[in-house]
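Student: I should be grateful for a close look at one part of this predicted model, namely the nonpolar core and its surroundings. Please describe how the neighbouring residues are placed around that part.

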Amino acid sequence: MLTPEIYHVASLFDESHHGRAFAIFRHPIDRVISTFNYIAYADPLKANVTLEEYARSDVGEESNWMVRMITNNRRTEVTREDLEVAKEFIRKKVLVGLLSEIEASVERFEKFFHWRHTSDWMRQEMCRDEHLYKVAYG
């Protein structure tokens, strides 16, 4: 199942119906820079904005999206309690990977979930590497 609505999906699992989430996390600064570059590309009116101007603007304001998804907090302020709940959820329920170490992260997921190659392992390996490159480097 693929969804950003972690809070709502969590109710599908219990002692009889197990599930484990996995996620690839990116350094917050890298994420902001990537978002800045995307906005500059997608919106020609914002193409001349510098990274510093973007970071100081309302457009560049971080909204703690992941904390909001995990806690179902749609309020304007994310609290310290929300952050602690999200951290505990990730610690207990999420197999974590890092975008900066994408190859090692995917290998970790493959081992944990017992994902196996089929008969054409060479082709699968090439496909995997091609997709990982796209994820990591756009």
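**The nonpolar core and its surroundings**

Tutor: In this predicted model, the largest nonpolar core consists of 6 residues, namely Ala23, Val67, Ile70, Ala86, Ile90 and Val94. Two elements each give two or more residues to this core: helix H4 (65-71) and helix H5 (80-93). Ala86 is a useful point of entry. Apart from residues up to four places away in sequence, Ala86 touches Val67, Ile70 and Thr71. Val67 and Ile70 are themselves listed among the core residues.

Thr71, the remaining partner of Ala86, deserves separate attention. This threonine lies in helix H4. Thr71 is classed as buried because its relative accessible area is 17%, and the cut-off for buried is under 20%. The side chain of Thr71 reaches back to the backbone oxygen of Val67, at a distance of 2.7 Å; Val67 is one of the core residues. With neighbours within four places in sequence left aside, Thr71 is in contact with Tyr7, Asp82, Val85 and Ala86. Thr71 can also be located relative to Glu84, a residue of helix H5. The C-alpha atoms of Glu84 and Thr71 are separated by 9.9 Å, and the two residues are 13 apart along the chain. Glu84 counts as partly exposed, with a relative accessibility of 37%.

The chain may now be followed into the loop between H4 and H5, where Asn72 lies. Asn72 has a positive phi of about 60°, although this residue is not a glycine. Its relative accessibility is 28%, so Asn72 counts as partly exposed; that class covers values between the 20% and 50% cut-offs. Glu77 lies in the loop between H4 and H5 as well. Glu77 is exposed, because its relative accessible area is 57%, and exposed means over 50%. Leaving aside neighbours within four places in sequence, Glu77 is in contact with Arg68 and Asp82. Asp82 also appears among the contacts of Thr71. A further spatial relation links Glu77 with Asn64: these residues are 13 apart along the chain, and their C-alpha atoms are separated by 9.4 Å.

Asn72 has a partner in helix H1, where His8 lies. Not counting residues up to four places away in sequence, His8 touches Asn72 and Arg74. His8 counts as partly exposed, at 43% relative accessibility. His8 and Met69 are 61 residues apart in sequence, yet their C-alpha atoms are 8.9 Å apart in space.

The surroundings also include the largest pocket, which has a volume of about 1800 Å³. Of the 46 residues that line this pocket, the closest to its centre are Ile6, Phe22, Ala23, Met66 and Val94. Ala23 and Val94 also belong to the nonpolar core described above. The elements that give two or more residues to the pocket lining are helix H1 (6-9), strand S1 (21-25), helix H2 (28-42), H4, H5, helix H6 (102-113) and helix H7 (121-137). Among these, H5 provides the largest share of the lining, 7 residues. Sorted by class, the lining has 30 nonpolar, 6 polar and 10 charged residues. Helices H4 and H5 therefore appear in two descriptions, since each gives two or more residues to the core and two or more to the pocket lining.

Helix H6, also named for the lining, contains Glu110. Glu110 counts as buried because its relative accessibility is 19%, and buried means under 20%. Glu110 touches Trp115 and Arg128, with residues up to four places away in sequence not counted. His114 is placed in the loop between H6 and H7. The relative accessible area of His114 is 55%, so this residue is exposed. Like Asn72, which has a positive phi of about 60°, His114 has a positive phi of about 60° although it is not a glycine.

To draw the description together, the core takes two or more residues from each of H4 and H5, and Ala86 touches Val67, Ile70 and Thr71. In the loop between H4 and H5 lie Asn72 and Glu77, and Asn72 is touched by His8 of helix H1.

Conventions:
Residues are numbered from 1 along each chain as its sequence is written. This is a predicted model: local features need pLDDT of at least 70, side-chain atom pairs count only at pLDDT 80 or more; totals for chains, interfaces and linings use all residues. Side-chain values use heavy atoms; hydrogens and water are left out. A nonpolar core is a set of buried Ala, Val, Leu, Ile, Met, Phe, Trp, Tyr and Cys residues joined through side-chain atoms within 4.5 Å. Buried means under 20% relative accessible area, exposed over 50%, partly exposed in between (1.4 Å probe, protein chains only). Helices (H or I, at least four residues) and strands (E, at least two) are DSSP runs, numbered from the N terminus. Contact means heavy atoms within 4.5 Å. On a 1 Å grid over the protein atoms alone, a cavity is a set of points where a 1.4 Å probe fits but cannot get out, and a pocket is an open set with protein on both sides within 12 Å along at least five of seven lines; lining residues have an atom within 4 Å of a point. Grid points are joined across faces, edges and corners, and a volume is the space filled by probe spheres set on the points. Ala, Val, Leu, Ile, Met, Phe, Trp, Tyr, Cys and Pro count as nonpolar, Asp, Glu, Lys and Arg as charged, and the others, Gly among them, as polar. A polar contact is a pair of N or O atoms within 3.5 Å; within protein, one must be able to donate a hydrogen and the other to accept it, and residues adjacent in sequence count only if both atoms are side-chain atoms.
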